[in-house]
Amino acid sequence: MCCVGLETVNGTTGEGLSLNIQERKQLAEEWVYQGKDKLDHVIVHVGALSLPESQELARHAADIGASGIAVIAPFFFKPTNKGELIAFLQKVASEAPAVPFYYYHIPPLTGVKIRVEELLDGIKEQIPTFQGVKFSDTDLLDLAQCINKNEREQFAFLYGVDEQLLSALAIGADGAVGSTYNYLGQKTNLMLQAFAKPDLALARKYQFLTGAFLNFVIKLGFGVAQTKAVMTFVSGIPMGPPRLPLVDASEEFILKAKAKLDSIVWPDGD
Ligand SMILES: CC(=O)N[C@H](C=O)[C@@H](O)[C@H](O)[C@H](O)CO
Ligand SMILES: CC(=O)C(=O)O
């Protein structure tokens, strides 16, 4: 088990797909620069609908020394089978031949539901830099098969449905990357410690409590704009408004979410 990670640079929470190429490059540069000697990994999301743009971003990430690149499936004209998806990913990965490559599987947002188990079968032959998956889907059978079938590979399976991370750990996920770790990272690290001990009862307590918060905000309507609002009130660092078509979280949401988070009694006494 490694750790929880905040998010992929220019990924979902960073609204990477709503930025222009110049903005994406600037942000990637800043993360690599600021993260030097502080962050273990800076994985830059370089996926785009346009293959040449994605390739340009991959070359840029390599040039600036990113420790990995990640790519989501193109989501307007979608790949309809494994071969089409691999062909796209391969053409991006090969532009950064010395940089570890991650597939960012997030079907709730891309609509591309090609099973990862199938995708990984023989993937190293086409993408020699393939290093792992950020798996943001609830299909734990698919994840379990990926882990089981690739035991001999050194792939990293980073789970991205934060409200059910403990279940993914139980079947062997290596770590987690998700939006909620921007404000629940310490509590989630305590859950990981409890799981490693193992103290499953304690680990479950943490998962139930982070789940109670997420269950509450999901019912109110919870997306990237709301995530940024929570990050802002927890950290005191203004995240700025989201970019259209997303709009700012309402004042009502912020009040309710803050009250809910403040009401949680954590096992460590906070
Ligand atoms: C669909 C989506 O945005 N998934 C994020 C990561 O990829 C998660 O971190 C969620 O934001 C989180 O699990 C809350 O539902
Ligand atoms: C949640 C995450 O990994 C992202 O923002 O891409």
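A residue counts here as buried under 20% relative accessible area, as exposed over 50%, and as partly exposed in between, with a 1.4 Å probe and protein chains only. By that rule arginine 59 is partly exposed, because its relative accessible area is 38%.

Good morning, colleagues. The structure shown above is a predicted model, in which local features need pLDDT of at least 70 and side-chain atom pairs count only at pLDDT 80 or more, while totals for chains, interfaces and linings use all residues; side-chain values use heavy atoms, with hydrogens and water left out. Residues are numbered from 1 along each chain as its sequence is written, and chains are lettered from A and ligands numbered from 1 in the order in which they are written.

I begin with the helix that carries arginine 59. Helices (H or I, at least four residues) and strands (E, at least two) are DSSP runs, numbered from the N terminus. Helix H2 covers residues 51-64, and its 14 residues should span 20 Å at 1.5 Å a residue; the expected span is 1.5 Å times one less than the number of residues. The end C-alpha atoms of H2 are 20 Å apart, which agrees.

Which residues of H2 are buried? They are Ser54, Gln55, Leu57, Ala58, His60 and Ala61. Their cover includes helix H1 (21-35), strand E2 (43-45), strand E3 (68-72) and helix H3 (82-93), where contact means heavy atoms within 4.5 Å. Just after H2, glycine 65 takes a positive phi of about 85°.

Let me turn to the salt bridges. A salt bridge is a side-chain nitrogen of Lys or Arg within 4 Å of a carboxyl oxygen of Asp or Glu. A search of the whole structure finds 10 of them. In one, arginine 59 pairs with glutamate 95, with the closest N and O atoms 2.7 Å apart. This pair links distant parts of the chain, 36 residues apart: arginine 59 is in helix H2, and glutamate 95 is in the loop between H3 and strand E4 (101-105). Glutamate 95 is partly exposed, because its relative accessible area is 27%.

Another bridge lies within a single helix. Glutamate 252 and lysine 256 are both in helix H12 (residues 251-263), four residues apart, about one turn of the helix. Their closest N and O atoms are 2.8 Å apart. Are these two residues buried or exposed? Glutamate 252 is exposed, at 52% relative accessible area, and lysine 256 is partly exposed, at 35%.

Elsewhere, salt bridges that share partners join Arg115, Glu117, Asp139, Asp142 and Lys149 into one network. Within that network, the side chains of glutamate 117 and arginine 115 meet at 3.2 Å, N to O. Arginine 115 is partly exposed, with a relative accessible area of 30%.

I come next to ligand 1. What surrounds ligand 1? The residues around it, meaning those with a heavy atom within 4 Å, are Thr12, Tyr104, Ile106, Lys134, Ser136, Gly160, Val161, Asp162, Glu163, Gly178 and Ser179. For polar contacts the rule is a pair of N or O atoms within 3.5 Å; within protein, one must be able to donate a hydrogen and the other to accept it, and residues adjacent in sequence count only if both atoms are side-chain atoms. An oxygen atom of ligand 1 is 2.8 Å from an N or O atom in the side chain of lysine 134. For the side chain of glutamate 163, the distance from a ligand oxygen to an N or O atom is 2.6 Å. A polar backbone atom of aspartate 162 is 3.0 Å from an oxygen atom of ligand 1. Taken alone, ligand 1 exposes 390 Å², and the protein buries 81% of that; these areas come from the Shrake-Rupley method with a 1.4 Å probe, and for residues only the protein chains shown count as cover.

Finally, some notes on backbone geometry. Most residues other than glycine have a negative phi, and most peptide bonds are trans. Glutamate 15, in the loop between strand E1 (4-5) and H1, has a positive phi of about 50°. Aspartate 37, in the loop between H1 and E2, has a positive phi near 65°. Glutamate 15 is buried, with a relative accessible area of 9%, whereas aspartate 37 is exposed, at 79%.

Where are the cis peptide bonds from lysine 197 and from leucine 244? The bond from lysine 197 leads to proline 198, with omega near -5°, and proline 198 lies in the loop between helix H9 (181-196) and helix H10 (200-220). The bond from leucine 244 leads to proline 245, with omega near 15°, and proline 245 lies in the loop between helix H11 (224-235) and H12.
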